[in-house]
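Colleague: I should like to learn how to read the packing of helices and the burial of residues. May we work through an example together?

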Amino acid sequence: MESIQATKQRFGIIGNSATLNRAIEKAIQVSPTDISVLVTGESGVGKESIPKIIHQLSHRKHNKYIAVNCGAIPEGTIDSELFGHEKGAFTGATSTRSGYFEVADGGTIFLDEVGELPLTTQVRLLRVLENGEFIKVGSSKVQKTNVRIVAATNVNMFEAIKKEKFREDLYYRLSTVEINLPPLRERQEDIHLLFRKFASDFALKYKMPTIKLSDDAIQILLKFRWSGNIRQLRNVAEQVSVLEQNRAISAETLRSYLPSGSSNLPAVINKTKSESDFSSEREILYKVLFDMKADLNDLKKLTMELMKSGNAKDVQKDNEGLIEKIYGDNNTEESLDDLQVLAIPQEVKKEQTYKAETEDKYHFAEEIEEEETLSLHDKELELIKKSLERHGGKRKLAAEELGISERTLYRKIKQFDL
């Protein structure tokens with residue numbers, strides 16, 4: 001079995017971190033087998049090196065090695081690219097075409113960004129993994145292929161499975177062995193080593209002296225987060241090599257090439273998105289209107305109880321939660337005064353009602369209220385629809401987002417015939 005150091009020299013891999021060495025060791029160990037391998041890690045960590053190691057150290061090394069970027073192929077043509085198509089299978093298919101799985105028979109296929117595959121293609125890929133069979137687009141003939149699949153992704157696969165964007169059975173078929181490549185910020189001892197290698201390469205390429213970092217600049221280099229990993233480090237090394245006349249690079253000079261606010265210091269980051277986090281101003285306005293209508297309904301309920309009982313203290317005692325919701329925690333005395341004002345004697349109330357009915361002959365208020373009610377009805381209906389769609393029809397989550405009980409939401413769904 002080839003040693004880790006020899007493998008790194010053969011494939012041009014720079015670094016001595018324990019996590020990197022472990023990843024290369026696993027690649028060497030699985031190479032003689034036909035086990036499917038899933039390479040995981042952030043974008044720019046060098047995931048494409050692992051499939052090359054696996055292929056070159058396997059018994060398939062004399063056959064074809066094909067690397068496919070699944071994220072770069074349009075969804076409508078990816079099945080044709082992978083599995084081929086028959087003449088006339090779709091518009092533009094003027095001849096029969098062999099797909100990658102047919103061409104690479106006996107070799108290795110590297111599926112980069114496999115997490116971007118459409119669900120329909122995932123079903124076809126699962127069949128290839130299970131029994132080595134596939135069908136060309138537009139054909140009914142089952143064909144056999146003997147390929148080894150090595151896949152790579154920077155997507156959190158468990159999150160993708162949870163969101164139903166990736167099939168769970170396919171994940172477990174692909175990840176028989178999972179090799180994780182660490183991000184550059186977890187390989188502190190390799191950062192300066194890689195920078196020196198890149199600086200040397202660019203000096204040779206552009207025929208100029210090699211740049212050298214001061215001690216302070218090295219510290220800046222080590223503390224930077226490198227969210228783009230090795231790809232970003234290489235980009236910075238090339239910029240500094242080409243643009244700087246002075247080949248001794250100070251900390252201030254290096255800092256000018258680094259994006260601000262990306263130090264490798266601990267920070268609290270909220271990765272979860274709130275369920276009530278609306279994506280547009282229109283939805284925020286609908287939410288405000290919906291809340292206003294809910295408050296208005298609560299006030300109507302409270303007023304009705306006051307009109308029936310006429311005793312503000314008893315009503316306040318029985319509806320403490322409702323009053324606190326409407327008036328807040330710090331306005332108990334003010335709310336009691338308001339309730340006392342609302343507690344109108346029955347005789348006065350009847351007299352006021354009679355005057356309102358006799359004087360308001362044209363009922364303008366009713367017409368305006370009806371128009372507003374219809375408008376709120378439409379907005380409430382649209383808001384409920386959006387909330388249900390956002391939560392996949394789950395009434396409990398939708399009710400929590402809208403600030404109403406699940407029973408109330410169920411009643412409104414029946415009312416609106418959703």
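Modeller: Certainly; please bear in mind that this is a predicted model. We may begin with a pair of helices: the axes of helix H1 (residues 4-11) and helix H3 (residues 49-56) come within 11 Å and cross at roughly 110°.

Colleague: How is H1 oriented relative to H3: roughly parallel or roughly perpendicular?

Modeller: Angles of 65 to 115 degrees count as roughly perpendicular, so H1 is roughly perpendicular to H3. The crossing of H1 past H3 is right-handed.

Colleague: Which residues make the contact between H1 and H3?

Modeller: H1 contributes Thr7, Arg10 and Phe11, while H3 contributes Lys52, Ile53 and Gln56. Sorted by class, this contact of H1 with H3 comprises 2 nonpolar, 2 polar and 2 charged residues.

Colleague: Let us turn to a single residue. Where does leucine 181 lie, and is leucine 181 buried or exposed?

Modeller: Leucine 181 is in the loop that runs between strand S9 (177-180) and helix H9 (188-206). A residue is called buried when its relative accessible area is under 20%; leucine 181 has 5% relative accessibility and therefore counts as buried.

Colleague: Which residues does leucine 181 touch, not counting those up to four places away in sequence?

Modeller: Among them are Leu20, Ala23, Val39, Val45 and Ile50. Furthermore, the C-alpha atoms of leucine 181 and arginine 22 are 9.1 Å apart, although 159 residues separate the two along the chain.

Colleague: What percentage of the residues in the protein chain is buried?

Modeller: Of the 418 residues in the protein chain, 38% are buried. The chain has 20 helices and 11 strands.

Definitions and conventions: Residues are numbered from 1 along each chain as its sequence is written. This is a predicted model: local features need pLDDT of at least 70, side-chain atom pairs count only at pLDDT 80 or more; totals for chains, interfaces and linings use all residues. Side-chain values use heavy atoms; hydrogens and water are left out. Axes are lines fitted to C-alpha atoms, for helices over the stretch in contact, and angles run from 0 to 180 degrees between N-to-C directions. Helices (H or I, at least four residues) and strands (E, at least two) are DSSP runs, numbered from the N terminus. Angles under 35 degrees count as roughly parallel, over 145 as roughly antiparallel, 65 to 115 as roughly perpendicular and the rest as oblique. A crossing is left-handed if the near helix is turned anticlockwise from the far one by less than a right angle, and right-handed if clockwise. Contact means heavy atoms within 4.5 Å. Ala, Val, Leu, Ile, Met, Phe, Trp, Tyr, Cys and Pro count as nonpolar, Asp, Glu, Lys and Arg as charged, and the others, Gly among them, as polar. Buried means under 20% relative accessible area, exposed over 50%, partly exposed in between (1.4 Å probe, protein chains only).
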